[in-house]
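Here are some notes to help you find your way around this structure. Keep the sequence and the 3D view open as you read.

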Amino acid sequence: MELKLGIPKGSLQESTLNIFKEAGYNIKVSSRNYYPTIDDKEISCMLIRAQEMARYVEGGQLDCGLTGLDWIKENRADIVEVAELTYAKQSFRPIRWVLAVKENSPYKSAKDLEGKTIATEVVNLTKDYFASQGVNVNVEFSWGTTEVKVPDLADAIVEITETGSSLRANNLKIIDTVLETTTRFIANKEAYQDPQKRQKIDRIVMMLKSVIDAVPKVCLMLNAPADNLDKILEILPSENPTISHLAKGDWVDIMAIVDSSVVRYIIPQLKEEGAKSIVELPVSKIID
């Protein structure tokens, strides 16, 4: 059995390869080579732009791959969405396709753009959006540098943004969100019906998700006096921490998985309630 896996080339490439590495798959990409090597004899990889991934997975040239929800919709692709994997080029959160105009523009909403020209890379998405608003516009495909086309070449744009910095740099303001998108692991329908390929795909997805789910988490380990256990458990934002009694004395050992963002608040509180030997450990994978 050989599973043909599409790796997104471009903005998602580095973050995708990093997540695969953390999941235990070492993928090596050589310059000018679109066929990366992977340390799994059952998988063959191919670099394909995310914009085209869904089309080739639907057609069967690839068994599976990673691309954004936006490009699935833009290509009208009939595929299996195996899993949502929330990561992007710079972060582990969704990104947006937005409707933007010049900062000093009189346009305040989509309805103000009746009969106007919209430049974008996602023509179908944009047409669907304006149709849902009941607004007739002229949608033009943009090959890139879309931000500079307003107002001389277009009245507004639909552009992707992760931080909004590029839009602000070009004196543009967002007047609506067209689509919030995340990365999806997709599969060809026929390939996903094959028991061996489906099992392989599901195992890959399990490991990728375990890495993404672990990103905001850390493991806290601490010793606590048994007679103050209830108060200490109230501080820990964990539904069911592991508790075990120490060999000597009236103390317990507690292990809990928590969001890294709250650690700076709860460690001082734990210390104040008598906790000792507090250790924070990184978490590389979480599998429920």
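1. Before we start, one term: contact here means heavy atoms within 4.5 Å. With that in mind, have a look at Thr126, which, leaving aside its neighbours within four places in sequence, is in contact with Ile118, Thr120, Val139 and Val158. Thr126 sits in helix α4 (residues 123-133). Is Thr126 buried or exposed? Its relative accessibility is 0%, and the cut-off for buried is under 20%, so Thr126 counts as buried. A polar atom of the Thr126 side chain lies 2.8 Å from the backbone oxygen of Val122.

2. A word on confidence, since this is a predicted model. The average pLDDT of the protein chain is 92, and 98% of the residues score at least 70. Where is confidence lowest, and where is it highest? The low end is helix α5 (residues 165-169), with a mean of 83, while helix α6 (residues 189-193) is highest at 97.

3. Next, the interior. The largest nonpolar core is made of 28 residues, and Leu5, Phe20, Phe185 and Leu208 have the most contacts inside it. At least two residues of this core come from each of β1 (3-9), α1 (13-22), β4 (43-49), β5 (64-68), β6 (80-85), β12 (183-187) and α7 (195-214). Which of these elements gives the most to the core? That is α7, with six residues. As general background, nonpolar side chains in soluble globular proteins tend to be buried together.

4. Leu5 is a good place to zoom in. Setting aside neighbours within four places in sequence, Leu5 is in contact with a list of residues that includes Phe20, Ile43, Met46, Leu66 and Phe185. Cys45, Cys64 and Gly65 are also among the contacts of Leu5. Apart from this core lies another one, of 19 residues, which include Trp71, Val101, Ala110 and Ile175.

5. Helix α1 deserves its own look. Its buried residues are Gln13, Ser15, Thr16, Leu17, Ile19 and Phe20. What covers them? The cover includes β1, β2 (27-28), β4, β5 and α7. After α1 comes Gly24, whose phi is positive, near 105 degrees.

6. Now to strand β13 (residues 217-225). Why can we call this strand largely enclosed by the rest of the structure? Because seven of its nine residues are buried. β13 pairs with strand β15 (residues 251-259) in the antiparallel sense, over nine bridges, and Lys217 stands opposite Asp259 in β15. β13 also pairs with strand β16 (residues 276-282), again in the antiparallel sense, over five bridges. There, Leu220 stands opposite Glu280 in β16.

7. Finally, please look at Glu42, in the loop between β3 (37-38) and β4. With a relative accessible area of 31%, Glu42 is partly exposed. Not counting residues up to four places away in sequence, Glu42 touches Met1, Glu2, Leu3 and Lys200. With Lys200 there is a polar contact between the two side chains, at 3.0 Å. To get a feel for distance, try Glu42 and Asn104: they are 62 residues apart in sequence, and their C-alpha atoms are 56 Å apart in space.

Terms used
Residues are numbered from 1 along each chain as its sequence is written. This is a predicted model: local features need pLDDT of at least 70, side-chain atom pairs count only at pLDDT 80 or more; totals for chains, interfaces and linings use all residues. Side-chain values use heavy atoms; hydrogens and water are left out. A nonpolar core is a set of buried Ala, Val, Leu, Ile, Met, Phe, Trp, Tyr and Cys residues joined through side-chain atoms within 4.5 Å. Buried means under 20% relative accessible area, exposed over 50%, partly exposed in between (1.4 Å probe, protein chains only). Helices (H or I, at least four residues) and strands (E, at least two) are DSSP runs, numbered from the N terminus. Two strands pair if DSSP finds at least two bridges between them. A polar contact is a pair of N or O atoms within 3.5 Å; within protein, one must be able to donate a hydrogen and the other to accept it, and residues adjacent in sequence count only if both atoms are side-chain atoms. pLDDT is the predictor's confidence in each residue, from 0 to 100.
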